[in-house]
Amino acid sequence: QVQLVESGGRSVQIGGSLTLSCVASGSIVAINDMAWYRVAPGKGRERVARIDSTGSTTYADSVKGRFICSRDNAENTVHLQMNSLRAEDTAVYYCNANIRSREAGWSNIWGQGTQVTVSS
């Protein structure tokens, strides 16, 4: 059974930095796109960043220039470095990936989420 587990969420001050990590585990054959989404209080889901298997990234306009998404294919991990954090970055952040496993072929997998709270 393939799963994604996020870590790194915590409370941080406005202007601070934080790095989230997500590791995929299980009988993984391949991973193509990996992404970070967030759900802020009272708002819908937003894709924050996406990274493909070559390392090419795309970002939401709201985080461009502040967030950096990277991945380590050997370790099946994806990271989200968040800088110059704002109160509006407060959200539950979810890792998402398209993963091919030996048992099930390709599946879209979600992590359980990690809370990021930005305040003064």
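**Stop 1: the strand order.** Colour the protein chain by secondary structure and read from the N terminus: the elements run β-β-β-β-β-β-β-β-β-β-β. The count is 11 strands and 0 helices. Keep in mind that this is a predicted model.

**Stop 2: the whole chain.** Zoom out and show the C-alpha trace. Along its principal axes, the trace spans about 45 × 25 × 25 Å. How does the radius of gyration of the protein chain compare with that of a compact globule? For 120 residues, such a globule would come near 14 Å; the chain has 14 Å, so the two agree.

Now turn on contacts. Take those with a separation of 6 or more: 55% of them join residues 24 or more positions apart.

**Stop 3: surface and burial.** Switch to the accessible surface. Its area is about 6,100 Å². Carbon and sulfur atoms own 45% of that area. Then colour by relative accessibility: of the 120 residues, 41% count as buried.

**Stop 4: charges.** Select the charged side chains. There are 12 positive and 10 negative charges in the protein chain. How far apart are the mean positions of the two sets? They are 3 Å apart.

**Stop 5: the disulfide.** Select the cysteines and show their sulfur atoms. A disulfide is a covalent bond between the sulfur atoms of two cysteines. The whole structure holds 1 disulfide. Pick Cys22 and Cys95: they form a disulfide, with their sulfur atoms 2.2 Å apart. Put a dihedral on the S-S bond. The value is -85 degrees, and the link of Cys22 and Cys95 is left-handed.

Which strands does the pair connect? Highlight β3, residues 18-25, for Cys22, and β9, residues 91-101, for Cys95. The two cysteines therefore tie together parts that are 73 residues apart in sequence.

Are these two cysteines buried or exposed? Cys22 counts as buried, at 1% relative accessibility. Cys95 is buried too, with a relative accessible area of 0%.

**Stop 6: Cys69.** Select Cys69 next. Which cysteine sulfur is closest to the sulfur of Cys69? That of Cys95, at 8.6 Å. Why is there no bond between them? A disulfide needs sulfur atoms within 2.5 Å, so 8.6 Å is too far for a bond. Check the accessibility of Cys69 as well: at 5%, Cys69 counts as buried.

**Last view.** Keep Cys22, Cys95 and Cys69 on screen together. The link to follow runs between Cys22 and Cys95, while the sulfur of Cys69 sits 8.6 Å from that of Cys95.

Definitions and conventions: Residues are numbered from 1 along each chain as its sequence is written. This is a predicted model: local features need pLDDT of at least 70, side-chain atom pairs count only at pLDDT 80 or more; totals for chains, interfaces and linings use all residues. Side-chain values use heavy atoms; hydrogens and water are left out. Helices (H or I, at least four residues) and strands (E, at least two) are DSSP runs, numbered from the N terminus. The radius of gyration is taken over C-alpha atoms; the globule rule is 2.2 Å times the number of residues to the power 0.38. Buried means under 20% relative accessible area, exposed over 50%, partly exposed in between (1.4 Å probe, protein chains only). Contact means heavy atoms within 4.5 Å. Accessible areas come from the Shrake-Rupley method with a 1.4 Å probe; for residues, only the protein chains shown count as cover. Lys and Arg count as positive and Asp and Glu as negative; His and the chain ends are not counted. The place of a charge is taken as NZ of Lys, CZ of Arg, CG of Asp or CD of Glu.
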